[in-house]
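Reader: Please take a close look at a single pocket of this model. Set the scene briefly, and tell me how far to trust the coordinates.

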Amino acid sequence: MTDTTGTGPSGSGDEHRKTSTGKRGGGDPGSRGRTTIADGVVEKIAGLAARDVVGVHAMGSGLSRTFGAVRDRVPGGAKSNVTRGVKAEVGEVQTALDLEIVVDYGVSISDVARAVRENVISAVERMTGLEVVEVNIAVSDVKLPEEEEDEPEPRLQ
């Protein structure tokens, strides 16, 4: 039989395509290999998303904020301000988050907590593709209008 269509012996034109049964690779190139996401990545995303909610004054307990302020002033300070008050446990397809927040005086804590959950879940799932199974929120303090910021002056120069 002579091929006059230029598509090969079967006439279908599929001879030059690589399929999952072909000699190279297999399936969609985007599914070849594994992607892992570090806990710190999810913590940063969640921290930024939580801070975007109106009524969230700060993240972390008073003590962790105090130590964090000192640590931020020391060269090579460890944990970033963005992840303060956020703990993530990341699995292969799911993640769980614990957040510690300080709310502004006068806001509805339950409304702020709900908004934080919604914003964090939306951001983490959209950016990572992980399923957020829970977001636990601990409100550790209320920022009163007349309170000064309680960051200590640096003692190290």
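**A pocket and its surroundings**

Author: Read from start to end, the protein runs α-β-α-β-β-α-β. That comes to three helices and four strands (DSSP runs: H or I of at least four residues, E of at least two, numbered from the N terminus). This is a predicted model, so local features need pLDDT of at least 70, side-chain atom pairs count only at 80 or more, and totals for chains, interfaces and linings use all residues. Numbering starts from 1 along each chain as its sequence is written, and side-chain values use heavy atoms, without hydrogens or water.

Now the second largest pocket. Its volume is about 230 Å³ (probe spheres fill the points, joined across faces, edges and corners). A pocket is an open set of 1 Å grid points for a 1.4 Å probe, with protein on both sides within 12 Å along at least five of seven lines; lining atoms lie within 4 Å of a point. R34, T35, T36 and I37 are among the lining residues. V90, G91, E92 and V93 also line the pocket. T128, G129 and L130 belong to the lining too. By class, the lining has four nonpolar, five polar and two charged residues. Gly counts as polar here, and Arg and Glu as charged.

Next, A38. This residue sits in the segment before α1 (39-51). A38 counts as partly exposed, because its relative accessibility is 46% (the class between 20% and 50%, 1.4 Å probe, protein chains only). A38 and A88 are 50 residues apart along the chain, yet their C-alpha atoms are separated by 9.2 Å.

T83 lies in the loop between α2 (62-73) and β2 (86-90). T83 is buried, because its relative accessible area is 5% (buried means under 20%). Leaving out residues up to four places away in sequence, T83 touches G40, E43 and K44 (heavy atoms within 4.5 Å).

Across the protein, 27% of the 157 residues count as buried. Among contacts between residues at least 6 apart in sequence, 72% join residues at least 24 apart.

Last, confidence. The mean pLDDT is 80 (confidence per residue, from 0 to 100). Of the residues, 65% reach 70 or more. Residues 1-10 stay under 50, with eight contacts beyond four places in sequence. Residues 12-20 also stay under 50, with seven such contacts. Where pLDDT is low, the predicted coordinates should not be read in detail.

Definitions and conventions. pLDDT is the predictor's confidence in each residue, from 0 to 100.
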